[in-house]
Every structure is written in structure tokens, then in C-alpha cells.
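Visitor: I would like to learn how to read a side-chain contact and a sheet in a model such as this one. Could you take me through them in turn?

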Amino acid sequence: TIDGGYLVGSTISSWDGDISGYHGGFSDCWLTKLDSLGNLLWEKSLGGSSADIIDAVYELDSNRYYLVGGTNSNDHDVSFNHGGTDAWIVGVDSVQNIIYEKTFGGSLIDEAINLKKTNSGTFIITGATQSNDGDVAIQYGALDIWQFKTDGNSVLSQHSYGGSDYDNPFSTTETTDHGSLICGYSYSIDGQVSCTSNFNNNLWVVKTDSSGDYEWSKCMGGLDEEVARDGIETPDGGYIIVGYTKSNDGDVSGNHGGKDVWVVKLS
């Protein structure tokens, strides 16, 4: 954080120890602020009486801390639920007051994994969706990667990426052209996905432009399981992707047994 400390997010289901204010049910989101030596300065449990999960935390400035994740709740800190699991965005200030809370999604499973603030003050949220109603306009298959822009109240624009099977993101990184590099996996072999086999999930990377429009994607792997967990843009304009693989064929060579760390360089 700006003051040299740390902001940590966890999904918890406990009433004791350092945790206070647990709402019950399956799980809460737990936000903790540490100083530069790792000492606990404050903590806050956020959620309702059902399952609430946290995927990422952000410091927007020295007085605003945001978490993104998913919620099945419709009470306590959660003001509304569209059905099933909703993408959930919550902001608290430095004295742990909730300053913002909003759910996005449809009647099935929706989850947020990443948030970024644009120069215009809007937010771009990346996550996954099974819905085809509510805030979700397009759905290609069993699970799609979902990215939408919001002013904090309404969905201003949105895009879904995927095919007819399960396509799931793990991370997204802003690129120098203000687009996104989304890393995850895919079981699809159609739609926007170039995978040739869906015996298991393949590593899948999606590149979008600054408006969220699909530019290209890359599917890689073998006959076993591959996942992209994160990616960075390199100075030569390429990308390095890191994840794991269980294959030793196709695009994968030299597997050591079981699940290996897999690093891929793209142009």
C-alpha cells in the first residue's frame, strides 16, 4: 500500500482468532491491513449469511480499499442478489466503513476476479459468467469469460469471450495499448477458441483492445490439463505466460511428472 504496508484478502469461515464480525453461513470475505512489519492494523469481515468469496484486493488511494469476488448472499453487507452467485465489488475506507457495494450478474453463476480503474473514472471488471440475463447480454456456452465497464452503478458496456464449453479466467493484465491480456483455461473447441481437443482443459489467453473488443486468442497444451495463471507484456511487445501443465505432448515438452510449472513466451 501507499504507506508501505500491505492489504490482504482471504475467504474465511471462522469466528475466532484475529477475525471479528463474521456473518455466518459458508464463508465471508476478510480484508486485513498490515503495517510494513506485518503487524495487523485492522481487519474487517464482509458478506452475508451465505457464501461470499474474495478473489482480489486493491488500494485505489490512501483512503479507499476495494475487494472483488463473488457472493451468494442477499443480506447484511450484500444489498441485492440477481440469482445464484453474483460478481461482488465492495469498497471500504481507512476506518473500515463501507463506502461502496454493488453486485453484477444474472440468474446463474457470475464472479469477478479483477478490477481496474480507467482515466475517465470508470471501472473495468473481469470475471466469469454462466448467465444470459440480468446484467449479462451475451453467453456462448457453459461458462464464459466476462468483462464489463461500469460507472459504479450501471453496466456501460460488456463483452463475453469463449465457446460452447467451460472457459474460465484466472487473471487479467492491462497492456500498453490499454487493452487486456486475460489468462485462464478453456474446454471449448469452437467460438473464439482455437483449441483442437477438449479431452481436458487447455491454457487459453485472450487479448482485447481498449474498448474490450476481442483481438486474438491463443490456445495451447497437450492431451492432459493446462492452465494459465498470469501473464505480463514484455519490452519486445510479446507476452510471457505462466501456469501449469500435466501434459508431455502437443505444445508441451519435458514434463517431470504430475503437474509442472509451465512458462510460455508469445510474440
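Visitor: Which polar atom lies 2.9 Å from the backbone nitrogen of G162?

Guide: A polar contact is a pair of N or O atoms within 3.5 Å, where within protein one must be able to donate a hydrogen and the other to accept it, and residues adjacent in sequence count only if both atoms are side-chain atoms. Here the partner of the G162 nitrogen is a polar atom of the side chain of Q192. This is a predicted model, in which local features need pLDDT of at least 70 and side-chain atom pairs count only at pLDDT 80 or more, while totals for chains, interfaces and linings use all residues. Residues are numbered from 1 along each chain as its sequence is written, and side-chain values use heavy atoms, with hydrogens and water left out.

Visitor: Where does Q192 lie, and which residues does Q192 touch?

Guide: Q192 sits in the loop between β13 (180-186) and β14 (202-208), strands being DSSP runs (E, at least two residues) numbered from the N terminus. Counting contact as heavy atoms within 4.5 Å, and leaving out residues up to four places away in sequence, Q192 touches Y140, S160, Y161, G162, W204, Y214 and S217.

Visitor: In what order do the strands of the open sheet run?

Guide: Strands of a sheet pair through backbone hydrogen bonds, either parallel or antiparallel; two strands pair if DSSP finds at least two bridges between them. In this case the 4 strands have the order β12-β13-β14-β15, with antiparallel pairing. Because β12 and β15 (214-220) each have a single partner strand, they stand at the edges, and one side of each is left without a neighbour in the sheet.

Visitor: How many bridges join β12 to β13, and over how many do β14 and β15 pair?

Guide: Strand β12 (residues 167-174) is joined to β13 by 7 bridges, with N168 opposite Y185 in β13, whereas β14 and β15 pair over 6 bridges, V206 having S217 in β15 as its bridge partner.
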